[in-house]
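The exercises below ask the reader to work from a sequence and its three-dimensional model towards a description of fold, packing and local environment. Each task is followed by a solution that goes step by step.

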Amino acid sequence: MHLLNADLHSHSTVSDGTLTPEAVAERAAAGGVQLWALTDHDEVSGQQRAREAALDLGLAWVGGVEVSVSFAGETVHIVGLGIDPNHEPLRAGLAATRAGRRERARQMAAGLAQVGIDGAFEGALRHVGNPDLVSRTHFARYLVERGVCAHTHEVFRHYLTEGKPGYVPHRWASLAEAVAWIRGAGGIAVIAHPGRYKFTANEEYALFTEFIAHGGRAVEVVTGSHSTAEQVRFADTAVEFDLFASRGSDFHSPEESRTGLGALPGLPGQLTPVWEALGERIVGAGALTA
Ligand code: AMP
Ligand code: MN
Ligand code: MN
Ligand code: MN
């Protein structure tokens with residue numbers, strides 16, 4: 001089971017990816033992925049399409065989502081795997097989490113206008129696939145289109161991160177809420193890309209212990225967002241906290257993503273893969289029982 005090519009973190013036009021759920025499924029299949037999850041930000045409306053596309057392509061599939069959470073002054077992402085996308089409390093929680101995005105986008109555009117970048121609200125909206133989910137990524141694509149920066153990473157560094165003109169702090173869901181929605185929908189909660197958070201050792205410890213106290217059970221160890229050193233560090237963390245380990249590219253776009261679907265290294269051997277805990281939540285490809 002360790003050798004299974006699982007990619008359990010990816011995005012489509014339903015959030016801030018540039019490909020439709022069907023096109024992401026096709027790239028997953030082409031990349032050799034055997035078990036796939038689409039994990040759009042704060043949104044499950046692509047899940048039925050993802051499931052159908054996966055089954056058509058002979059991929060095993062599990063329901064997925066990536067919930068935006070505020071914790072200790074940072075944004076933390078909690079992935080939910082094996083969720084039932086039709087579970088009403090999950091859908092309501094995600095709708096509430098999405099609710100402030102438009103107003104935040106207006107404020108971001110106002111900040112950018114102050115440094116001479118006009119039309120960013122309308123510009124970002126032209127890049128969205130889902131009007132309910134305007135994100136910093138869409139602003140980044142607009143600024144690249146305008147020639148303000150050459151690459152979206154550069155836009156984040158100069159315009160969209162704390163202290164920069166297009167940055168607007170936002171209050172997302174609480175950790176307790178996100179884990180409760182995921183568990184309520186039958187899923188397993190996973191701390192996404194822990195290497196990305198700028199926490200002190202104490203804050204990081206608090207994140208893991210509170211997450212586990214709420215019933216969270218897994219952590220991403222192998223992700224497109226981790227360096228090799230971070231992979232090693234969070235493999236140790238998974239063992240220390242007795243968490244299942246996940247693997248996912250965090251694919252957003254063929255042009256922007258460093259890691260293709262299914263192209264990551266395998267999980268270190270001492271870890272227990274999260275797909276061993278997903279069990280009957282997996283559908284398709286003979287549910288990989290072979
Ligand atoms: P938002 O939910 O609107 O705050 O946008 C967060 C999204 O921005 C993440 O899911 C990433 O896709 C993207 N993002 C965050 N930081 C960076 C970065 N440094 N470079 C490129 N994309 C980033
Ligand atoms: Mn994203
Ligand atoms: Mn994320
Ligand atoms: Mn992601």
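W61 is buried, its relative accessible area being 4%, where buried means under 20% relative accessible area, exposed over 50% and partly exposed in between (1.4 Å probe, protein chains only). This is a predicted model, in which local features need pLDDT of at least 70 and side-chain atom pairs count only at pLDDT 80 or more, while totals for chains, interfaces and linings use all residues. Residues are numbered from 1 along each chain as its sequence is written, chains are lettered from A and ligands numbered from 1 in the order in which they are written, and side-chain values use heavy atoms, with hydrogens and water left out.

**Exercise 1. Place W61 in the fold and list what it touches.**

Solution. Begin with the secondary structure: W61 belongs to strand β3, residues 60-61, where strands (E, at least two residues) and helices (H or I, at least four) are DSSP runs numbered from the N terminus. Next, collect the contacts, meaning heavy atoms within 4.5 Å. Not counting residues up to four places away in sequence, W61 touches L35, W36, Q47, A50, R51, A54, R281, I282 and V283. Finally, take a distance: 13 Å separates the C-alpha atoms of W61 and V274, which are 213 residues apart along the chain.

**Exercise 2. Describe the overall build of the protein chain from its helices and strands, its dimensions and its contacts.**

Solution. First, count the elements: the protein chain has 11 helices and 8 strands. Second, test the dimensions: a compact globule of 290 residues would have a radius of gyration near 19 Å, and the 18 Å of the protein chain agrees with this, the radius being taken over C-alpha atoms and the globule rule being 2.2 Å times the number of residues to the power 0.38. The C-alpha trace spans about 60 × 45 × 40 Å along its principal axes. Third, turn to burial and contacts: 54% of the 290 residues count as buried, and of the contacts with a separation of 6 or more, 73% are between residues 24 or more positions apart. Last, the accessible surface comes to about 12000 Å², of which carbon and sulfur atoms hold 49%, as given by the Shrake-Rupley method with a 1.4 Å probe.

**Exercise 3. At what angle do helices α6 and α7 pack, and which residues make the contact?**

Solution. Helix α6 (residues 136-145) and helix α7 (residues 152-160) pack at an angle of about 105°, and their axes lie 9 Å apart; the axes are lines fitted to C-alpha atoms over the stretch in contact, and angles run from 0 to 180 degrees between N-to-C directions. The two helices are therefore roughly perpendicular, given that angles under 35 degrees count as roughly parallel, over 145 as roughly antiparallel, 65 to 115 as roughly perpendicular and the rest as oblique. On the α6 side the contact is made by R136, T137, F139, A140, R141, L143 and V144, and on the α7 side by T152, V155, F156, Y159 and L160. By class these residues divide into 8 nonpolar, 2 polar and 2 charged, with Ala, Val, Leu, Ile, Met, Phe, Trp, Tyr, Cys and Pro as nonpolar, Asp, Glu, Lys and Arg as charged, and the others, Gly among them, as polar.

**Exercise 4. Is D42 buried or exposed, and what is its phi?**

Solution. D42 sits in the loop between β2 (35-36) and α2, and at 0% relative accessibility it counts as buried. Its phi is near 50°, a positive value in a residue other than glycine. For background, most residues other than glycine have a negative phi.

**Exercise 5. Give the location, accessibility and contacts of P265.**

Solution. P265 is found in the loop between β8 and α11, and with 43% relative accessibility P265 counts as partly exposed. Leaving aside neighbours within four places in sequence, its contacts are V222, Q231 and R247. The C-alpha atoms of P265 and G248, 17 residues apart along the chain, are separated by 9.9 Å.
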